[in-house]
Amino acid sequence: MNQVVIQVENLNKSYPTSAGLFPALKDVKLTINSGEFVAIMGQSGSGKSTFMNILGCLDSATEGRYVLDGRSVAELNKDELALLRNRTIGFVFQGFNLLQRMSLLENVALPLIYCGVAHHKRQQRALEMLTKVGLESKANSLPNQISGGQQQRVAIARALVNQPRLILADEPTGNLDSHTSEEVMQLFESLNRDGITIVLVTHEPDIARYAKRQVRFLDGCIVSDQATQHAEVNT
Amino acid sequence: MMLIMLGEAWRAMGANRLRTLLTMLGMVIGVGAVVLMMAVGQGAQYAIKQTIAAMGSNLFVLLSGSSTAGGVRSGGGGNLTLTASDAEAIAELPGVQAVAPIHPGSAQIVYGPNNWNTSIIGSTPSYLDARSWPISTGAAFTNSDVRSATRVALIGKTAAQNLFGDDDPVGKTIRIRQSPFVILGTLAAKGQGMDGRDQDDTIIIPLTTAQRKVFGSQVPGSVRMVMVQTTTQEIMPIVEKSMTELLRQRHRIRDGMDNDFSLRNLTAAADSAEESTRVMSMLLGAIASVSLLVGGIGIMNIMLVSVTERTREIGIRMAIGARQKDILMQFLLEAIVISVLGCLIGLLLGIGSALLTESLTGTVVIISANSILVAFSVAATVGIFFGYYPARKAAQLDPIEALRYQ
C-alpha cells in the first residue's frame, strides 16, 4: 500500500469569465497520507469545491501536478479516470444523489455494475454495505421513502461498496439537521478508524471538529493547515 | 452486462409509460404500413403472374400476313400464308417446346333446346400444352383425331354452363353448324384473360375438322395463326430469329422483301404488366418507409428530451465510475429496445391488417418472410441511427456540469 494517497503540487485552476480568467486555485500544495481524516474548510468561493472536484478526478487542473494513489492524474485518459472514480474513490454528495427509480439496494450496487461484478455478488456486497450503515431492513425501499439522514447513509454505503482507499465528501451534512449530521459524522469517524482515508469539505466548524486535520482555503490559497485542537472548539 | 443494461432500459421506459408508448407508436405505424403495403404489392404481383401463367408462358404468336386486293388491304391474317406444315417445321427447331397451329372462328352451338354463340378454336393437342390448360373432366382429343378430322370437341366452363347447366357435358353431342360433335372433355376454368375476355367461353376442336368441315379455308391446309412455346424465356430471342429465317426460306421470300407473316411475343406484354406492378409495389413500400423515417425522428426527439431530463443521473453515474461508453450503451440500448419493440408490434399490426384486407376485399395479399425481415432490420437500423446522436450527447456530458444540473 502506498503511504501517500494524495499529493498535490503547485496546482492552479482558472475559469474563463467575461472579465478574463478567474483564478479559482493558486499554487495549492497538499499531501494527504493513508488513514488521514481531513476537513477542507473555507467560505463559498474560496476554491474548496473546485479543489474537491479536481481531487475526485471530475475536473482537471489548469497547471500543476496531482498524484492519486501513486498515479499522475493528468496523464490518464477518460476511461482510466472513470476506473479511478469507480475503484479508488468513493463520493458522498451534499444532495445525496441517489437514483430515485432504484431501490436502495440497487443504488448501492450501482458502482459494481461498471466494474463487471456478477449479479449475485453485487447483491451480496450491496447488502453487506447497507448492513454496515444500519439500513439492511430497508433494502427494497425507494430513496424518497426514507429520511435525509438515511439517504446520506445509503450514499455512504454506495461510496464504500467498491472498497475505495479514499472517500471524498462534499458538504455531506449540508442538507441534514444537527442530530442526523452527528450520526453521519460518527459513521465517517468509524470508517476512518477502519483505515479509510476521508477528505471532507464543509464550512461548519462543528462538522470539521470530527476530522483530525483541518485545511482552510481562502481566495484559492491554503491559509492554514493544522491538526484539530479540541480545546479550541470548546472556547 | 448486457442483461443489466437491458433491465435498466426497460425500467427507464417504464418510468414514463405514456411517452414510451407514443414514441413506439411511430415505429408501430411505420413498420405496420411497410408490411401491409408490401403484402398488398406482392399480392398484386402474384395475381399478375397468375394471369400470365394462365395465358401460357414463353409464347410467340405467328400471324399470317395481310393481303392487298384492289387497293383494299385486309387485316393481319387476311392472307393465309401460314400452313400446318409450317407449324410442323417450326416444331423441329431447337428450343421449341410446343407448336399449335390455330384456325379460329365462331359459331352458334346447339344442345337440345339451348343454343349459344361462342368462339371455336381449331387446333392440335399441343395447344393445351402451350397454353398450360389442363383438362378438368374427360380427356383431350389426340393427334389421330386431328389426322382423321373427327367431330369431337373440348368445352370451356362458361360455354358448358350455358349449354348444359349443371349437367356433365362429357359424352353428350352438340351441333356446330348442323354437324354433330361429341364432347370428349371439359377444360379447367382459366378466368379472365389479359384483355378482359372470358377465356372459358370457348370450344376446342381438331384443326383439320375446323379447316375442312366447319369453317373451310380458301387455301387448303392454311391456318390463321400458330402459337409457339419455347422451353425457356432466355431462349426466346434465338428462337425468334431461327423461326423467322425458317419461314422466309419456306415462303421463298427474297432478301429485302417484307415478311408475309408477323411474329408477336406475348410474354413481352405480360412482362411489362408485371414490371409496372413491381414498380407500384416498390412505390408503396417507399411511401410507407417515409412513416418509418418519421417514427425514427420521433425516437430521436424523445431520446434527446430524456437525456436532458436525466442529466443529473448521468452525472451521478459518471461520478461513481461509468465510462463514456457505458452511458452511450445505456441510451443507445433504450432507443433500440423502443424501436425493436415497436417493430414487433408493428409487424403484428401489419400482418393483422393485411389478413383483414384479404378477408374483407378479397385482394390477394402475400406476407413474405423477406418483407418481415426488411421491416425488422430497417427498424433496428433506425433505432441505432436515431438513438446514436442523443446517446453520444449523453456520453459526452461534462460530469461536473451534469452533477450541477437541477
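Two residues are taken to be in contact if their C-beta atoms, placed from the backbone, lie within 7 Å. The structure described here is a predicted model. By this criterion, and leaving aside neighbours within four places in sequence, B:V31 is in contact with B:L292, B:G342, B:C343, B:G346, B:L347, B:G350, B:A375 and B:A379. B:V31 is also, together with A:I40 and A:V108, one of the residues that touch the most other members of the largest nonpolar core, a set of 125 residues. Helix α2 of chain B, spanning residues 17–55, supplies the largest share of this core, with 14 residues. A second core, separate from this one, holds 50 residues, among them B:A84, B:L187, B:I205 and B:A210.

Two of the contact partners of B:V31, namely B:A375 and B:A379, are listed among the buried residues of helix α12 of chain B. This helix covers residues 369–395, 27 residues in total. From its first C-alpha to its last, α12(B) reaches 37 Å, close to the 39 Å expected at 1.5 Å a residue. A kink of about 40 degrees is found in α12(B) at B:Y388, shortly before the proline B:P390. B:P390 is itself buried, and the other buried residues of the helix are B:S371, B:A375, B:A379, B:V382, B:G383, B:F386, B:G387, B:A391, B:A394 and B:A395. The elements that cover these buried positions include α2, α9 (266–309), α10 (311–319) and α11 (324–361) of chain B.

Chain A contains 8 helices and 10 strands. Its radius of gyration is 18 Å, close to the 18 Å that the globule rule gives for 235 residues, so chain A is as compact as a globular protein of that length. Along the principal axes, the C-alpha atoms of chain A fill a box of roughly 50 × 50 × 40 Å. Of the 235 residues, 46% count as buried. Among contacts in chain A with a separation of 6 or more, 71% are made by residues 24 or more positions apart.

The contact between the two chains takes 20 residues from chain A and 15 residues from chain B. On the chain A side, the elements that give two or more residues are α2 (78–87) and α3 (104–113). Helix α2(A) gives the most, with 6 residues. By class, the side of chain A that touches chain B has 10 nonpolar, 4 polar and 6 charged residues.

A:H119 is located in helix α4 of chain A, which runs over residues 119–132. With 13 other C-beta atoms within 10 Å, A:H119 is partly exposed. A:K78 lies 41 residues from A:H119 along the chain, and the C-alpha atoms of the two are separated by 26 Å.

Positive phi angles were noted at two residues that are not glycine. A:D219 has a phi of about 50 degrees and lies in the loop between β9 (213–218) and β10 (221–227) of chain A. A:D219 counts as partly exposed because it has 14 C-beta neighbours inside 10 Å, where 20 or more would make a residue buried and 12 or fewer would make it exposed. In chain B, B:A149 has a positive phi of about 50 degrees. B:A149 is placed in the loop between α5 (143–148) and β7 (152–155) of chain B. With 18 C-beta neighbours inside 10 Å, B:A149 is likewise partly exposed.

Definitions and conventions. Residues are numbered from 1 along each chain as its sequence is written. Chains are lettered from A and ligands numbered from 1 in the order in which they are written. This is a predicted model: local features need pLDDT of at least 70, side-chain atom pairs count only at pLDDT 80 or more; totals for chains, interfaces and linings use all residues. Helices (H or I, at least four residues) and strands (E, at least two) are DSSP runs, numbered from the N terminus. A nonpolar core is a set of buried Ala, Val, Leu, Ile, Met, Phe, Trp, Tyr and Cys residues joined through C-beta atoms within 7 Å. Ala, Val, Leu, Ile, Met, Phe, Trp, Tyr, Cys and Pro count as nonpolar, Asp, Glu, Lys and Arg as charged, and the others, Gly among them, as polar. The radius of gyration is taken over C-alpha atoms; the globule rule is 2.2 Å times the number of residues to the power 0.38. The expected span of a helix is 1.5 Å times one less than its number of residues. The bend at a residue is the angle between axes fitted to the seven residues ending there and the seven starting there.
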